[in-house]
Amino acid sequence: PARDMEALGSAGAHAQRGNPQALERRVGWLEEDINMTQQRLRDSCSPQEEASPTAQALFARLEAGVAEEASFRAGLEERIARMEASMEAERANRGRALVAL
């Protein structure tokens, strides 16, 4: 089902504070909304017809939201990978320090 864009905005803000489940949920909602919008466009327009400007604007907004979420998610994944590498390096350094004692 279509979600209120304000609710999606608050979910994105919550995801930025470190809740990856909220981010996953928001991406899922956006993808679901895009799929539903595409289906509605196919159902309401013949191949020769153009979608209404309102439907086109909604679809463009949904696509932009998914692209933004994908970019945000990629950034989070990179940040997590850096943090994991840093933790591994710290663990190795501590191990060497314990051996030196």
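Helix H2 (20-44) is part of what covers the buried residues of helix H3. Buried means under 20% relative accessible area, exposed over 50%, and partly exposed in between, with a 1.4 Å probe and protein chains only. Helices (H or I, at least four residues) and strands (E, at least two) are DSSP runs, numbered from the N terminus. This is a predicted model, in which local features need pLDDT of at least 70 and side-chain atom pairs count only at pLDDT 80 or more, while totals for chains, interfaces and linings use all residues. Residues are numbered from 1 along each chain as its sequence is written, and side-chain values use heavy atoms, with hydrogens and water left out.

**Overall fold**

- The protein has three helices and zero strands.
- Along the sequence the pattern reads α-α-α.
- Of the 101 residues in the protein, 21% are buried.
- Contact means heavy atoms within 4.5 Å. Among contacts between residues at least 6 apart in sequence, 62% join residues at least 24 apart.
- The exposed surface is about 7400 Å², and carbon and sulfur atoms supply 56% of it. Accessible areas come from the Shrake-Rupley method with a 1.4 Å probe; for residues, only the protein chains shown count as cover.

**Confidence**

- The predictor's confidence in each residue is its pLDDT, from 0 to 100.
- The protein averages 77, and 75% of the residues score at least 70.
- Helix H1 (residues 5-16) has the lowest confidence, with a mean of 46. Helix H3 has the highest, at 89.
- Over residues 1-15, pLDDT stays under 50. The model has 24 contacts beyond four places in sequence for that stretch.

**Helices H2 and H3**

- H3 spans residues 53-100, which is 48 residues. From first C-alpha to last, H3 reaches 70 Å, close to the 70 Å expected at 1.5 Å a residue.
- H2 has 25 residues and reaches 36 Å between its first and last C-alpha, close to the 36 Å expected.
- The expected span is 1.5 Å times one less than the number of residues in the helix.
- Buried positions in H3 are Ala55, Phe59, Leu62, Gly65 and Glu69.
- Buried positions in H2 include Leu23, Arg26, Val27, Leu30 and Ile34.
- Ala60 lies in H3 and is partly exposed, at 41% relative accessible area. Its C-alpha is 9.3 Å from that of Ile34, and the two residues are 26 apart in sequence.

**The Glu69 site**

- Glu69 sits in H3. Glu69 counts as buried because its relative accessible area is 4%.
- Beyond residues up to four places away in sequence, Glu69 touches Leu23, Arg26, Val27 and Leu30.
- The side chains of Glu69 and Arg26 make a polar contact at 2.7 Å. A polar contact is a pair of N or O atoms within 3.5 Å; within protein, one must be able to donate a hydrogen and the other to accept it, and residues adjacent in sequence count only if both atoms are side-chain atoms.
- Arg26 and Glu69 also form a salt bridge, with the closest N and O atoms 2.7 Å apart. That pair links distant parts of the chain, with Arg26 in H2, Glu69 in H3 and their positions 43 residues apart.
- Arg26 is buried too, with a relative accessible area of 14%.

**Salt bridges**

- A salt bridge is a side-chain nitrogen of Lys or Arg within 4 Å of a carboxyl oxygen of Asp or Glu. A search of the whole structure finds five.
- Arg73 and Glu24 meet through their side chains in a salt bridge, at 3.1 Å from N to O. This pair also links distant parts of the chain: Arg73 is in H3, Glu24 is in H2, and they are 49 residues apart.
- Arg73 is partly exposed at 30% relative accessibility. Glu24 is partly exposed at 39%.
- A network of salt bridges links Glu24, Arg73 and Glu77.
- Arg94 and Glu90 form a salt bridge, with the closest N and O atoms 2.9 Å apart. Arg94 and Glu90 are four residues apart in H3, so about one helical turn separates them.
- An α-helix has 3.6 residues a turn, so residues three or four places apart point the same way.
- Arg94 is exposed, at 55% relative accessibility, whereas Glu90 is partly exposed, at 38%.
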